[in-house]
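Me: I would like a close look at a single part of this protein, set against the rest of the fold. Please take your time and connect the details as you go.

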Amino acid sequence: MTLPSKVRIVEVGPRDGLQNEKKPVATETKVELIHRLGRAGLKCIEATAFVSPTWVPQMADAAEVFAAIQKLPDVSYPVLTPNMKGFEAALAAGAKEVAVFGAASESFSQKNINCSIAESLERFRPIVEAAKAADVRVRGYVSCVLGCPYDGEIMPLAVADVAVALIEMGCYEVSLGDTIGAGTPERTKDMIEAVARRVPLKRIAGHFHDTFGMATANIYASLQMGIGIFDSSIAGLGGCPYAAGASGNVATEDVVWLLRGLGIDTGIDLDSLVDTGSWISKKLKRESASRVARALLARREAQSAAVA
Ligand code: HMG
Ligand code: MG
């Protein structure tokens, strides 16, 4: 199959990337990160999550973060909303796009949002309806599509059932999350095939975590299946508070590098992305998880040493 000529990247660093940080990250750092990502050319930046601060303390400043963003006209800033309370807060903050998040695994659904899969879908339905009435777009997530930290293996049909339910209730797109990075390319293809039988390809996104270093391989496999939307996180930040051992999302720098090598247009400035990843990694006092960023920074240093 020919690969898509264009790929849309959904930057999830400010939300998925930061939600699991143990030490508080300053609101102004979160906002500055979002501004830098916008300047690097990202067109969709998941900004924060209107979730319970008891469950995810790092997202407690959602309203402050959202209010402080100087929104660029051609950029969308979706936020996570697990229930009507979160949706109403997001709407009051001025969000134009929200995301509901379910799971293909019963145990993960309970641990993450304190309800069964069926209950979660019933909870999402009024959000989608209220969003429609308010002219707010809704994205849907399915977690644990290639394995669950509690239930183990997940059947592709279980993923497809939840994805279909989200699309049928009105989500414009469904993001399939390999929350614990357990996927391999062939299993990724089997899972996508099961979903794509019932959901149009252009409404499916891939959300890969890089726990076992397979994320870019899984993205390549997804591209071969015709998927053209991927979530990623600057500097590979992240993890999930309800999936022990889950490492970060695939790094945005690594995805852009992969796509560039395949001749696929993203409209993102890789140098500026590398600078942003380097900046946030310093703020969080850690090395970037992006191997592409580390290699490009080492190359830059070698070049400036050669000139000096
Ligand atoms: P619950 O305890 O069942 O909720 O949690 P509740 O309705 O019984 O309310 C309990 C308390 O929370 C009440 O406060 C509510 O007001 C408050 P109290 O009366 O005790 O003072 N509350 C809220 N506060 C602020 N915002 C809200 C909200 N809702 C209730 N929206 C709930 C249920 C869904 C709220 C909780 O489980 C929760 O917030 N979960 C979110 C967990 C989360 O954010 N996980 C990470 C994101 S998912 C992810 O990372 C995966 C993804 O990246 C894809 C992938 O990688 O696979 C998307
Ligand atoms: Mg995630």
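How many helices and strands make up the secondary structure of the protein? And within that frame, which residues of helix α2 are buried, and what covers them?

Reply: This is a predicted model, and in it the secondary structure of the protein comes to twelve helices and eight strands. Before turning to helix α2, it helps to have the whole in view. The C-alpha atoms fill a box of roughly 65 × 45 × 35 Å along the principal axes, and the radius of gyration is 18 Å, which agrees with the value near 19 Å that a compact globule of 308 residues would have. Of those 308 residues, 56% count as buried. Among contacts between residues at least 6 apart in sequence, 75% join residues at least 24 apart. The protein exposes about 13000 Å², and carbon and sulfur atoms supply 53% of this area.

Helix α2 itself covers residues 27-39, which makes 13 residues, and its first and last C-alpha atoms lie 19 Å apart, close to the 18 Å expected at 1.5 Å a residue. Its buried residues are T29, K30, V31, L33, I34, H35, L37 and G38, a list in which a lysine and a histidine appear beside valine, leucine and isoleucine. The cover over these buried residues includes β1 (8-11) and α1 (13-17), together with α3 (62-68) and α11 (270-283). Just after the helix, G41 takes a positive phi of about 110 degrees.

One of the elements covering α2, helix α1, spans residues 13-17, and the metal site can be taken up from there. The magnesium ion (ligand 2) is coordinated by the OD of D16 and by the NE2 atoms of H207 and H209, at 2.0 to 2.4 Å. Along the chain these donors follow the spacing D-x190-H-x1-H. Both histidines are withdrawn from the surface: H207 has a relative accessibility of 5% and therefore counts as buried, the cut-off being under 20%, and H209 is also buried, with a relative accessible area of 3%.

Another of the covering elements, α11 (270-283), leads to the nonpolar core. The largest such core holds 99 residues, and those that touch the most other members are V142, V159, L166, L176, V195 and L273. Helix α7 (residues 156-169) gives the most to this core, with nine residues. L166 shows how such a residue is surrounded: leaving aside residues up to four places away in sequence, L166 touches V100, L121, F124, G140, Y141, V142, C171 and V174.

F124, one of the residues touched by L166, belongs to helix α6 (residues 117-133) and is buried, with a relative accessible area of 0%. Beyond residues up to four places away in sequence, F124 touches P82, V100, F101, G102, I113, L166 and M169. V100 therefore appears among the contacts of L166 and among those of F124. The C-alpha atoms of F124 and G170, 46 residues apart along the chain, are separated by 10.0 Å.

Helix α5 (residues 106-113) holds S109, which counts as buried at 1% relative accessibility. With residues up to four places away in sequence again left out, S109 touches A103, N114, C115, S116, I117 and S120.

Two residues in loops deserve a careful look at their backbone. C144 lies in the loop between β5 (137-143) and α7, and has a positive phi of about 60 degrees although it is not a glycine; C144 is also buried, with a relative accessible area of 0%. A235 sits in the loop between β8 (229-232) and α10 (252-261), where its phi is near 60 degrees, again a positive value in a residue other than glycine. At 3% relative accessibility, A235 counts as buried.

A last residue brings the account back to helix α2. G263 is found in the loop between α10 and α11, and at 65% relative accessibility G263 counts as exposed, since the cut-off for that word is over 50%. H35, by contrast, is listed among the buried residues of α2. The C-alpha atoms of G263 and H35 are 228 residues apart along the chain and are separated by 27 Å.

Definitions and conventions. Residues are numbered from 1 along each chain as its sequence is written. Chains are lettered from A and ligands numbered from 1 in the order in which they are written. This is a predicted model: local features need pLDDT of at least 70, side-chain atom pairs count only at pLDDT 80 or more; totals for chains, interfaces and linings use all residues. Side-chain values use heavy atoms; hydrogens and water are left out. Helices (H or I, at least four residues) and strands (E, at least two) are DSSP runs, numbered from the N terminus. The expected span of a helix is 1.5 Å times one less than its number of residues. Buried means under 20% relative accessible area, exposed over 50%, partly exposed in between (1.4 Å probe, protein chains only). Contact means heavy atoms within 4.5 Å. Donors are N, O and S atoms within 2.8 Å of the metal (3.2 Å for Na, K and Ca); water is not among the atoms, so sites may look incomplete. The radius of gyration is taken over C-alpha atoms; the globule rule is 2.2 Å times the number of residues to the power 0.38. Accessible areas come from the Shrake-Rupley method with a 1.4 Å probe; for residues, only the protein chains shown count as cover. A nonpolar core is a set of buried Ala, Val, Leu, Ile, Met, Phe, Trp, Tyr and Cys residues joined through side-chain atoms within 4.5 Å.
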